[in-house]
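Visitor: I would like to learn how to read the features of a protein model, one at a time. Could you guide me through them?

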Amino acid sequence: MIALTVAGLTLREAFRRRVVWALLVLTVVLLALSGWGFSKLIGLDTDLGTMTSGEARLIASVLLNLIMFGFSLIAAIGTAFLAGPTLSGEVESGQALSILARPVRRSSVLLGKWLGLLTFGCGYVALAGLAQLLVVRWAVGYWPPDPVVGLLLLAAETVVLLTLALLLSSVVSPLASGIISVGLFGATWVAGVVGGIGAALGNEGVERVGSVSRVVLPTDGLWRGAMNAFQDPFALAQMGQGEAGFPFLSDAPLTPAYLIWAAVWIAVVWGLTALSFQRRDV
């Protein structure tokens with residue numbers, strides 16, 4: 001009961017922050033620009049001739065992954081900078097003392113804040129992602145093969161990052177926790193691209209960079225699973241042997257073992273956050 005109450009308060013507080021309005025503006029701009037761009041694909045004159053509706057849908061499936069990465073980046077920035085003030089900011093300002101002075105378990109407060117942020121982050125990904133899918137359907141008639149799976153994996157990616165941000169906010173300042181979280185998100189994605197290039201070139205050492213990064217921080221692995229769910233399967237055949245080095249196509253869905261690892265990773269990091277928050281002076 002306490003956790004649900006704190007979750008509601010956290011969600012209400014999140015909507016009061018300017019970060020949310022910034023996310024809303026960025027989302028609307030991205031939807032508008034992408035809608036305009038996708039609408040120009042059919043009938044576009046190229047060096048190979050006028051683009052047909054089938055070719056436009058194939059291109060749209062690849063561009064959709066690019067746009068969805070933009071949404072995942074917006075979600076990453078938003079959740080990271082919302083999670084930072086949730087723990088560290090309230091401790092530094094003394095607000096946490098007003099709650100923790102009562103007979104309330106810190107783990108219950110932490111769980112409530114985590115659930116509130118999770119609701120916000122996953123809700124944003126679901127609504128913004130669905131809106132983008134509808135825009136693409138309206139513009140070029142393309143609908144991904146597994147949209148629900150893709151959106152769920154994007155939501156899971158958001159959960160991973162906000163859990164990491166909460167852990168960091170329990171030991172460093174709010175600003176530092178946000179910067180580190182987003183930095184690690186970007187570094188993991190770059191490492192995944194490097195690993196893909198290594199796979200395309202047959203270099204096992206370089207390919208291992210991406211594999212290790214996806215284990216250490218599962219955001220890039222979950223993102224690649226989402227890409228596979230959004231893309232047209234025919235796009236893989238069109239790219240041929242060079243597909244592994246292209247950053248906005250994925251050659252296979254995620255395995256159950258990797259999904260289990262992502263869940264274990266979230267649980268372990270959440271446990272470390274609870275331990276750190278329990279020992280922190282307020």
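Guide: We will go from the overall fold to the core, the aromatic rings, two single residues and the pocket, bearing in mind that this is a predicted model.

Visitor: How many helices and strands are there in the chain, and in what pattern do they follow one another?

Guide: The chain holds eleven helices and two strands, and, read along the sequence, the pattern is α-α-β-β-α-α-α-α-α-α-α-α-α. Of the 282 residues, 48% count as buried. Among contacts between residues at least 6 apart in sequence, 80% join residues at least 24 apart.

Visitor: Which residues touch the most other members of the largest nonpolar core?

Guide: The general idea comes before the case: in soluble globular proteins, nonpolar side chains tend to be buried together. Here the largest nonpolar core has 60 residues, of which Phe38, Met68, Val140, Trp223 and Phe230 touch the most other members. The elements that give two or more residues to this core are α2 (18-39), α3, α5 (106-140), α6 (147-169), α9 and α11. Met68 may serve as an example: leaving aside residues up to four places away in sequence, Met68 touches Gly129, Gln132, Leu133, Leu154, Trp223 and Phe230.

Visitor: How many aromatic pairs does a search of the whole structure find, and what is the geometry of the pair formed by Phe69 and Trp223?

Guide: The search finds five aromatic pairs. Phe69 and Trp223 form a tilted pair, 5.5 Å centre to centre and with 55° between the planes; this pair links distant parts of the chain, with Phe69 in helix α3 (residues 53-93) and Trp223 in helix α9, 154 residues apart. Phe69 counts as buried because its relative accessibility is 13%, and Trp223 likewise counts as buried because its relative accessibility is 1%, the cut-off being under 20%.

Visitor: Why is the pair of Phe69 and Phe248 classed as edge-to-face?

Guide: The ring centres of Phe69 and Phe248 are 6.1 Å apart and their planes stand at 65°, so the pair is edge-to-face, a term used for planes over 60 degrees apart. Phe69 lies in helix α3 and Phe248 in the loop between α10 (233-239) and α11 (256-279), so the pair ties together parts that are 179 residues apart in sequence. Both Phe69 and Phe248 are buried, and Phe69, Phe185, Trp189, Trp223 and Phe248 form one aromatic cluster.

Visitor: Is Thr219 buried or exposed, and which residues does Thr219 touch?

Guide: Thr219, whose place is in helix α9, is buried, with a relative accessible area of 1%. Not counting residues up to four places away in sequence, Thr219 touches Glu157, Val160, Phe185 and Thr188. Gly186, by contrast, is partly exposed, with a relative accessible area of 25%. Gly186 sits in helix α7 (residues 174-201), and its C-alpha atom is separated by 9.0 Å from that of Asp220, 34 residues apart along the chain.

Visitor: How should I read the largest pocket, and what lines the largest pocket?

Guide: Rolling a probe the size of a water molecule over the atoms shows where empty space is left. In this model the largest pocket encloses about 460 Å³ of space; of the 20 residues that line the largest pocket, the closest to its centre are Ser211, Arg214, Arg224, Ser250 and Asp251. The elements giving two or more residues to the lining are α7, α8 (204-216) and α9 (219-230). By class, the lining has eight nonpolar, seven polar and five charged residues.

How values were computed. Residues are numbered from 1 along each chain as its sequence is written. This is a predicted model: local features need pLDDT of at least 70, side-chain atom pairs count only at pLDDT 80 or more; totals for chains, interfaces and linings use all residues. Side-chain values use heavy atoms; hydrogens and water are left out. Helices (H or I, at least four residues) and strands (E, at least two) are DSSP runs, numbered from the N terminus. Buried means under 20% relative accessible area, exposed over 50%, partly exposed in between (1.4 Å probe, protein chains only). On a 1 Å grid over the protein atoms alone, a cavity is a set of points where a 1.4 Å probe fits but cannot get out, and a pocket is an open set with protein on both sides within 12 Å along at least five of seven lines; lining residues have an atom within 4 Å of a point. Grid points are joined across faces, edges and corners, and a volume is the space filled by probe spheres set on the points. Ala, Val, Leu, Ile, Met, Phe, Trp, Tyr, Cys and Pro count as nonpolar, Asp, Glu, Lys and Arg as charged, and the others, Gly among them, as polar. Rings of Phe, Tyr and Trp (its six-membered ring) pair if their centres lie within 6.5 Å; planes under 30 degrees apart count as stacked, over 60 as edge-to-face and the rest as tilted. A nonpolar core is a set of buried Ala, Val, Leu, Ile, Met, Phe, Trp, Tyr and Cys residues joined through side-chain atoms within 4.5 Å. Contact means heavy atoms within 4.5 Å.
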